[in-house]
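User: Please take a close look at one part of this structure and then place it within its surroundings. A single connected account would suit me best.

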Amino acid sequence: MPKFELHVHIEGAADADTYFNIAQKNKVKLPVSSRQAWQHYFEFRDFPHFIEVYTTAVNSLRATEDYGFLIDNFFQHQAEQNILYSEAYLSATFIIEKFEDEDALDAIEAAIKSGQEKYGCVVKLIPDIGRMIPETQQQVLDFVLKGKQRGLFIGLGLGGPEKGYPPGLFTETYQEARRGGLRTVAHAGESDGPESIWGAIDDLQVERIGHGVRCMEDPALVEALRLRQIPLEVCPVSNYCLGIVEQGEMHPIREMLDAGLNCCINSDDPAMFSTNLTNEFETLASLGFSWPELQQLNQNALEAAFLDDDEKNRYRKGLEESERS
Ligand SMILES: [Zn+2]
């Protein structure tokens with residue numbers, strides 16, 4: 001089935017091999033020395049280890065061309081899974097700390113252009129603010145607006161730990177982003193509860209929510225999300241890995257859909273959670289989701305994408321054809 005994905009992080013999608021190659025090139029010392037040991041180390045174990053792997057991996061990125069490798073790797077994985085269109089997050093806070101804006105944009109632009117030619121699928125980028133460093137928000141926005149002018153970035157996101165960094169800290173930056181023509185999303189209702197989602201929709205007026213699974217704790221919020229049909233980018237395997245949902249329990253996406261919410265499914269940090277979008281569909285199938293339900297979730301992603309109607313129509317036609325064959 002041709003697929004669409006809206007919540008996946010470029011840095012979390014690069015595999016162990018890619019980071020090993022980058023670390024070797026940059027002469028960055030990893031906690032283990034052989035490629036094989038690194039591959040083993042890279043596999044998901046628990047939350048503290050995930051943070052360790054993530055930090056070590058991102059720390060090995062020392063040159064703008066390293067983002068080129070990550071993006072190429074990303075295109076390859078999406079193409080292998082027949083994901084025709086992706087909107088992917090990029091941790092802009094880390095980029096602006098290390099590189100000059102124009103140098104980073106040059107490297108990203110070259111990688112997107114060559115990825116599209118080489119693999120034939122489309123990847124649009126949504127850089128996000130690391131909410132734990134709110135003082136970078138204006139600088140991130142400037143970077144994102146420069147990238148938008150070059151046709152590279154389509155929106156602004158908000159990532160990182162929710163607790164202690166509520167959406168309200170970023171209200172003005174989001175207003176300015178919208179004035180600059182950026183689409184807006186934010187991670188909310190993953191590691192923190194309904195308040196965080198209320199903040200994302202009321203303070204930031206986001207068009208989509210990253211995760212949002214904890215909305216089920218507040219019936220008034222569920223009703224608001226249902227009435228406004230705000231798309232929720234649900235990432236099942238990530239939720240199980242990080243303990244947002246207990247292993248062995250039914251994932252709340254079932255109740256969310258029953259409540260009339262607009263959900264799609266995504267892989268979040270696929271390489272680090274040993275998953276990918278195909279595996280997310282298989283996970284839901286193993287939880288009892290039917291094939292038409294999975295097709296609907298895929299269609300929901302397309303409908304929630306930041307594409308104009310002509311572009312969506314082209315993909316809709318492709319989907320219909322694939323369903324007939
Ligand atoms: Zn995420």
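Analyst: Helix 8 (137-149), strand 4 (155-159) and strand 5 (183-188) are among the elements that cover the buried residues of helix 9. Here helices (H or I, at least four residues) and strands (E, at least two) are DSSP runs numbered from the N terminus, and two residues are in contact if their C-beta atoms, placed from the backbone, lie within 7 Å. The model is a predicted one, in which local features need pLDDT of at least 70 and side-chain atom pairs count only at pLDDT 80 or more, whereas totals for chains, interfaces and linings use all residues. Residues are numbered from 1 along each chain as its sequence is written.

Helix 9 spans residues 171-179, and Thr173, Tyr174 and Ala177 are its buried residues. Seen down the helix axis, these buried residues fall within an arc of 100°, so they line one face of helix 9; the arc is that of the directions from the helix axis to the C-beta atoms. A residue counts as buried if 20 or more other C-beta atoms lie within 10 Å of its own, as exposed if 12 or fewer do, and as partly exposed in between, with C-beta atoms placed from the backbone. Glu172 and Arg179 are exposed and sit on the face of helix 9 turned away from its buried side. After the helix comes Gly181, which has a positive phi near 85°.

Strands 4 and 5, which help to cover helix 9, belong to an open sheet of 8 strands in the order 1-2-3-4-5-6-7-8, with parallel pairing. Two strands pair if DSSP finds at least two bridges between them. The edges of the sheet are strand 1 (3-9) and strand 8 (263-265), each of which pairs on one side only. On average, neighbouring strands are turned by 25° against each other, direction ignored. Such angles run from 0 to 180 degrees between N-to-C directions, and the axes are lines fitted to C-alpha atoms, for helices over the stretch in contact.

Strand 4 is joined to strand 3 (residues 122-130) by 3 bridges, and the two run parallel; Gly130 stands opposite Gly159 of strand 4. Helix 8 packs on the sheet here, touching both strand 3 and strand 4, and its direction makes about 165° with that of strand 3. Beyond strand 4, helix 10 (residues 194-202) lies across strand 5 and strand 6 (208-211), running at about 170° to strand 5.

On its other side, strand 3 pairs with strand 2 in the parallel sense over 7 bridges, and Glu87 stands opposite Lys124 of strand 3. Of the 9 residues of strand 2, 8 are buried, so the strand is largely enclosed by the rest of the structure. Strand 2 is also joined to strand 1 by 5 bridges, again in parallel, with Val8 opposite Ala88 of strand 2.

Helix 14 (residues 277-286) offers a second example of a helix with a buried side: Leu277, Glu280, Phe281 and Leu284 are buried. Around the axis they cover an arc of only 100°, which puts them on the same side of helix 14. Their packing partners are strand 1, strand 2 (83-91), helix 12 (236-241), strand 8 and helix 15 (291-304). Just after helix 14, Gly288 takes a positive phi of about 100°.

Gln81, in the loop between helix 5 (64-80) and strand 2, touches Leu277, and also Lys3, Asn276 and Thr278, leaving out residues up to four places away in sequence. It has 21 C-beta neighbours inside 10 Å, and therefore Gln81 counts as buried.

As for the whole chain, its secondary structure comes to 16 helices and 8 strands, and 46% of its 325 residues count as buried. The largest nonpolar core has 89 residues, of which Ile71 and Phe74 touch the most other members. Helix 7 (residues 101-119) gives the largest share of this core, 6 residues. Such a core is a set of buried Ala, Val, Leu, Ile, Met, Phe, Trp, Tyr and Cys residues joined through C-beta atoms within 7 Å. Apart from neighbours within four places in sequence, Ile71 is in contact with Ile10, Ile108, Ala111, Ile112 and Gly115.
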